[in-house]
Amino acid sequence: GEEGADDAGAGRGEAVARPSFTAPQALLDDVPVDADGDNPADDPMRARRAPTIAERYDDYHRRGVGRALSPERKDAFGGGGAAQARSYVDVMKEAEVARQQEKLRRDAQKAAEEAGMAA
């Protein structure tokens, strides 16, 4: 006898069109997604997942993340060096200014918290 239309080309090595095994587009569009776009927003295992290294950092350790490892400096033995290069003294002055700004920021935050408690 004659075989069905789906199996007509199967014996000769031809590709047979089969229905797709996927959800309708309306259901796929309804799945909630994070800002990253890759994980569902209501991940049931989120509470059990281990935090990343960056998530475990406190404020002290986060400060080092944005810090330059070695600022560009003048070449002491070069003939003039780069116009934008900084000396060791300049780098130390900039570091001191940054420390003072951070201290002022912490002091202002502490004063604001104390004022909020007093009111």
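**Group meeting: a four-helix predicted model**

Let me start with one residue: tyrosine 57 has 32% relative accessibility, so it counts as partly exposed. Tyrosine 57 sits in the loop that runs between helix 2, residues 53-56, and helix 3, residues 59-65. Together with Ile53 and Val65, Tyr57 makes a nonpolar patch on the surface, about 290 Å² in area.

Now the chain as a whole. What you have on the screen is a predicted model. The protein chain has four helices and zero strands, which read along the sequence as α-α-α-α. There are 119 residues, and 3% of them are buried. The accessible surface is about 10900 Å², and carbon and sulfur atoms account for 54% of that. As for contacts, take the ones between residues at least 6 apart in sequence: 6% of these join residues at least 24 apart.

Next, confidence. The average pLDDT of the protein chain is 74, with 64% of the residues scoring at least 70. Among the helices, which has the lowest confidence and which the highest? Helix 1, residues 25-29, is lowest with a mean of 78, and helix 4 is highest at 90. Residues 1-5 have a pLDDT below 50, and that stretch makes zero contacts in the model beyond near neighbours in sequence. Where pLDDT is low, the predicted coordinates should not be read in detail.

On to the charged side chains. Side chains of opposite charge can pair when their charged atoms come close. How many salt bridges does the structure hold? The count is six, and I will go through some of them.

One of them pairs arginine 49 with glutamate 55, with an N to O distance of 3.3 Å. Both partners fall in the middle category of accessibility. Arginine 49 is partly exposed because its relative accessibility is 41%, and glutamate 55 is partly exposed because its value is 44%.

Then we move to helix 4, residues 88-118. Here glutamate 96 and arginine 99 form a salt bridge, and their closest N and O atoms are 3.0 Å apart. Why are these two separated by about one helical turn? Because they are three residues apart in helix 4. With 34% relative accessibility, glutamate 96 counts as partly exposed. Arginine 99, at 49%, is likewise counted as partly exposed; the exposed class needs over 50%.

Further along the sequence, the side chains of glutamate 102 and arginine 105 meet in another salt bridge, at 2.4 Å from N to O. These two are also three residues apart in helix 4, so about one helical turn lies between them. Arginine 105 has a relative accessibility of 44%, which means that it counts as partly exposed. This pair is part of a network: Glu102, Arg105 and Arg106 are joined by salt bridges that share partners.

To sum up, the chain is four helices with zero strands, and 3% of its residues are buried. There are six salt bridges, including the pair of glutamate 96 and arginine 99 and the network of Glu102, Arg105 and Arg106. Helix 4 has the highest mean confidence, at 90, while residues 1-5 are below 50. That is all from me.

Notes:
Residues numbered from 1 in each chain as written. Predicted model: local features only at pLDDT ≥ 70, side-chain atom pairs only at ≥ 80, totals over all residues. Heavy atoms only, no water. Patch = residues over 30% accessible without salt bridge, like charges linked within 9 Å, V, L, I, M, F, W, Y side chains within 5 Å. Areas by Shrake-Rupley, 256 points an atom, 1.4 Å probe, with all protein chains shown as cover. Buried < 20%, exposed > 50% of the residue type's maximum accessible area, 1.4 Å probe, protein only. Contact = heavy atoms within 4.5 Å. pLDDT = per-residue confidence, 0-100.
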